[in-house]
Amino acid sequence: MRLGVMRFAIMRFAITRFGIAAALCALTAGAWGAGFKVELQVPRLQVAEYHAPYVAFWVRQADSGAVTPLGLWYDDQEKWLKDLRLWWRRTGRGQSAPYDGLTGATRRPGTHTVDFSELPALADLPKGDYELVVEAAREVGGREVVRLPFHWPVTDATTVRADGEQELGAVELYLAP
Amino acid sequence: MKLLPFAGAALSALMLLSPAAQAHKRWLLPSHTVVSDTQWITLDTSASNDIFFVDKAFPLDGVRVTGPDGKDGEIDNRLEGHRRSVFDVHLNQQGSYRISLFRPLYVALYEQDGERHHQRGDSPEALLKAIPEGAGEVRISEVISHLETFATVGAPTTEGLAPTGKGLELAPVTHPNDLYAGETARFRFLVDGQPVSGLEVEVMPAGTRYRDSQDAWTVTSNDQGEVSLEWPGPGRYYLEASHGDDRADHPKADGRRLQYMGTFEVLPL
């Protein structure tokens with residue numbers, strides 16, 4: 001696995017004609033350097049019974065539909081994972097704990113930032129068109145999916161934004177080369 | 001590949017304040033509500049988040065059928081399963097039946113070492129005995145819940161639907177077995193037999209498993225205790241309301257929590 005990442009870093013150096021310094025920098029940092037940050041709002045809802053939503057993040061390749069899981073917020077209750085229906089079908093049901101990507105507890109209402117930049121799975125993505133998919137499901141609540149299209153690898157710093165209507169507020173993807 | 005665990009989320013303030021609001025919905029689901037000749041019907045009961053799919057079974061203690069003549073009806077084939085309890089009801093005469101589950105209980109809320117706890121029991125004395133020493137903020141509540149549904153052979157009647165006069169109850173203005181899509185139904189809510197105004201009643205259409213939102217709505221009772229419900233379409237609906245006051249019967253109880261939960265079938269016309 002480690003070897004694979006190293007080889008990829010060198011290959012990338014060749015393809016993108018980055019300077020030697022940049023490639024060395026990426027290698028010594030132990031990561032490939034690009035930024036992939038997600039900022040999302042968990043809306044505050046006026047309901048009698050509130051549970052923080054379970055949220056899943058993954059990247060889907062536009063052509064092949066190939067899925068790269070990025071992360072999952074849940075509260076160690078496997079029982080509700082199936083309610084993230086799209087995530088469950090695409091990747092969740094084939095996994096078991098610990099789930100792929102950055103996993104953590106659910107988040108309370110407010111704005112939260114997750115930095116996926118260091119995730120090896122992202123470094124392995126071939127060039128192409130993708131979408132970041134964010135799905136939220138809340139116990140005794142609703143379910144919502146938002147999609148943020150982007151191109152990989154990133155050439156210019158870009159922000160992609162999509163707005164949820166029920167279970168998610170604004171979702172922003174910050175990309176940097 | 002678990003890389004960086006996120007910081008644990010803070011405990012929900014709501015959870016601390018209202019443990020009662022965290023329960024799954026308990027329901028009764030009749031196989032038939034409007035029939036044209038005498039027959040047996042069957043009922044499923046369960047507590048679940050997705051109405052009306054079974055999840056957690058609960059005991060059938062307190063199940064009662066009141067027939068059109070006001071007398072107890074016949075129940076058979078009680079089954080307490082893992083995910084649901086089931087029983088059959090004999091609709092053996094013309095008119096309307098009320099099928100209900102009524103079981104008063106007590107809940108103790110207390111604080112210990114900075115944490116809130118709650119415990120259920122059959123009597124305040126037993127609960128007070130079970131509370132650990134050093135616990136503070138002890139509060140005992142009487143919980144009176146009416147869980148019910150209705151079925152009718154022939155024309156709807158109201159004799160068997162008379163309120164008991166205890167707890168939060170529904171008194172039909174529109175008969176609960178005379179509900180049709182596109183029409184407005186009116187129900188009156190009573191506390192200990194008296195109309196209650198300002199009561200919030202939540203209405204939930206069946207089938208949450210197959211949609212992305214709850215689609216519940218809330219209506220508030222007027223000065224006569226009445227709510228108006230416009231059914232968006234045919235199907236089964238779950239009605240839920242609760243009311244708190246300090247009129248507990250038991251001297252050791254600090255207050256009471258009254259709950260009403262009903263299942264209604266709306267037919268297409």
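Two strands count as paired if DSSP finds at least two bridges between them. Keep that in mind for the exercises below, which all use a predicted model.

**Exercise 1. In what order do the four strands of the open sheet β5-β1-β9-β8 of chain A pair up, and which stand at the edges?**

Step 1: Read the order straight off: β5, then β1, then β9, then β8, all in chain A, with antiparallel pairing.

Step 2: Look for strands with a single partner. In chain A these are β5 (110-115) and β8 (158-163), so each has one side left without a neighbour in the sheet.

Step 3: Add the twist, which averages 15° from one strand to the next.

Step 4: Zoom in on one edge. β8(A) pairs with β9(A) (residues 170-176) in the antiparallel sense, over six bridges. To fix the register, put A:T158 opposite A:L175 of β9(A).

**Exercise 2. Work out the edges of the five-stranded open sheet in chain A, and say how β3 and β4 pair.**

Step 1: Here the order is β4-β3-β2-β6-β7, and the pairing is mixed.

Step 2: β4 (102-104) and β7 (143-152) of chain A have a single partner strand each, so they are the edges, and one side of each lacks a neighbour in the sheet.

Step 3: From one strand to the next, the twist averages 20°.

Step 4: Now the β4 edge. Three bridges link β4(A) to β3(A) (residues 67-73), and the two run parallel. A handy marker is A:L72, which sits opposite A:T103 in β4(A).

**Exercise 3. Find the strands that pair with β8 (residues 105-112) of chain B.**

Step 1: Start with β9(B) (residues 115-121), which is antiparallel to β8(B) and joined to it by seven bridges. Within that pair, B:A108 has B:Q119 as its bridge partner.

Step 2: Check the connection. β8(B) and β9(B) make a hairpin with two residues between them, and B:D113 in the turn has a positive phi of about 50°.

Step 3: Move to β10(B) (residues 136-153), also antiparallel to β8(B), this time over six bridges. Here B:Y106 faces B:E142.

**Exercise 4. Is chain B compact or extended for its length?**

Step 1: Take stock of the elements: two helices and 18 strands.

Step 2: Compare the radius of gyration, 20 Å, with the 18 Å that the globule rule gives for 269 residues; the two are close, so chain B is as compact as a globular protein of that length.

Step 3: Round off the picture. The C-alpha atoms fill a box of roughly 60 × 55 × 40 Å along the principal axes, and 32% of the 269 residues count as buried.

Technical notes:
Residues are numbered from 1 along each chain as its sequence is written. Chains are lettered from A and ligands numbered from 1 in the order in which they are written. This is a predicted model: local features need pLDDT of at least 70, side-chain atom pairs count only at pLDDT 80 or more; totals for chains, interfaces and linings use all residues. Axes are lines fitted to C-alpha atoms, for helices over the stretch in contact, and angles run from 0 to 180 degrees between N-to-C directions. The radius of gyration is taken over C-alpha atoms; the globule rule is 2.2 Å times the number of residues to the power 0.38. A residue is buried if 20 or more other C-beta atoms lie within 10 Å of its own, exposed if 12 or fewer, and partly exposed in between; C-beta atoms are placed from the backbone.
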